[in-house]
Amino acid sequence: AHTSTTTRLAFLLYNCMLILRTTRCLTFNPAQKRIIHHTIKNSNRIKTIHDNMLTRLNPSQVSLEIKDPVDAKALEQAKAILAEVRPNDAKHCQASNLLSVAKRLGDVPDNNESTYTVSKEECEKAYNNLSEEDRTCLKNLHDRIERFAKAQRQSVTDVEIPIPGGVAGHTVSPCKAAGCYAPGGRYPLPSSVLMTAVTARAAGCETVVLASPRPAQITLAAAHLAKADVVLCVGGAQAIAAMAYGVEGGADAVNVPSCDVIVGPGNKWVTAAKSIVNGHCGIDMLAGPSEVLVIADKTANAEVVAADLIAQAEHDVVARAILLSDDQETIDKIDQAVADQVSCLPEPNKSTACEALKLSFAVKCASIEECIQISDDIAPEHLEIQTVNAMEVGQKCANYGGLFVGEHAAEVLGDYGAGPNHTLPTGGTGRYTGGLSVFNFLRIRTWMRVDSQKDSQGMVDDSIRMARLEGLEGHARAAETRSLTATPAFKKPCS
């Protein structure tokens, strides 16, 4: 009631222009911004031109949020699903139970023709039905991912070194069966099919099982290109159970081998189920919401940074986009660019991004060094450096999942097959682990051989002494049986 007529008119003008900007992707020019802002700046009841898209925090307000990636309710539900598809802790999941759950949860149509797998022939047909341009794109992604994964595999080799009286070493070998999960929720993710299955193949796994709920044709085409042996068209906890324990059923059922390791991103039920089966088989990680952190200085291109923040935000309503800068004007420009660009996104991308941006923030730091310190505390999944001397700044950063150096190294290029894997640690876990790679599918096993008992005596004597220092008399006596000088204690009269 106390707002002036002029201010009310200005606010009406602002809302009209906002509608135009939202529907036609128009932006305010500087003169329009100055006029409206000057008119309403003294009213504490009316907002300025736009709320900040990124919440402003100061450095002291930023803290590492280490949250349990496993949702308690989802864990309870996942346990129930695992018990249903694998009743009475059976060795394998029952085919009929798996199909029943898949129908109930909408993975497959609820009719008599439904099955929980897709044949290789259907996958090949999907690939052949793609346009030439789409096939070329998939093939390009496949080849770059495979090239990088093979280079990783070649970086670790069998080793042998001499030890007293013999030889010791390690061998590097792949696990036999790999389970790969590709999400099928808001958007089909054939890139995740390639990132997981191609990497498993490059590691040398004999069998690759892929699971993706309601797979799109492009997903099936990617499965064909990645040479998946079995394609499960189920998702969630039921898919993880099927890959962890295998599936057996009647004569008409498709048997699925149990997998030695399960990898790939998924929703909260996938994450919960992976936490349950971990130990029975290996897993890559327990992934939380996706995140990107950009360190930018005054040389950064505001439109480019904004586009990268939005690209992350559209993943999920709980994704986070974080901006750190030593320049307030840069933060303001990027924030405005985010507002302008997000208004032009189609649905449902726009609504998803807007929700995610509510969890996102920007921090004005005293220096790039402070930006690096805060980034290391957060340990983001994706870390972009858009500053002068970007490589130098990036090399000073210690904790992250994937590093993207310079304006042209967009995080989305990593998403779509520059080479390095896009399945990366989230929620601060980049402090102690890395992203998915061939190493998730490899076993490094050590061995030793003693050829000369005489030359090994120094090692034998050390083992006898250390065992008794630790109070492990049985260990000491086992070592004494290899000694040329000591009489094993069990051959002496018992005291």
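## Exercises on two cavities and a hairpin

The second largest cavity is lined by Gly 264, Pro 265, Gly 266, Val 270, Thr 271, Lys 274, Met 285, Leu 286 and Ala 287. A cavity is a set of points on a 1 Å grid over the protein atoms alone where a 1.4 Å probe fits but cannot get out, and lining residues have an atom within 4 Å of a point. This is a predicted model, in which local features need pLDDT of at least 70 and side-chain atom pairs count only at pLDDT 80 or more, while totals for chains, interfaces and linings use all residues. Residues are numbered from 1 along each chain as its sequence is written, and side-chain values use heavy atoms, with hydrogens and water left out.

**Exercise 1.** Sort the lining of the second largest cavity by class.

*Solution.* Begin with the rule that Ala, Val, Leu, Ile, Met, Phe, Trp, Tyr, Cys and Pro count as nonpolar, Asp, Glu, Lys and Arg as charged, and the others, Gly among them, as polar. Applied to this lining, the rule gives 5 nonpolar, 3 polar and 1 charged residues.

**Exercise 2.** Describe the lining of the largest cavity by class and by helix.

*Solution.* First, the classes are 5 nonpolar, 5 polar and no charged residues. Next, helix H6 (residues 132-154; a DSSP run of H or I with at least four residues, numbered from the N terminus) gives the largest share of this lining, 4 residues.

**Exercise 3.** Find the residue with a positive phi in the hairpin of S4 and S5.

*Solution.* Strands (DSSP runs of E, at least two residues) S4 (residues 159-163) and S5 (residues 166-174) pair, with at least two bridges required, in the antiparallel sense over 5 bridges. Ile 163 has Gly 166 in S5 as its bridge partner. Between the strands lie 2 residues, and Gly 165 takes the positive phi, near 85 degrees.

Methods. On a 1 Å grid over the protein atoms alone, a cavity is a set of points where a 1.4 Å probe fits but cannot get out, and a pocket is an open set with protein on both sides within 12 Å along at least five of seven lines; lining residues have an atom within 4 Å of a point.
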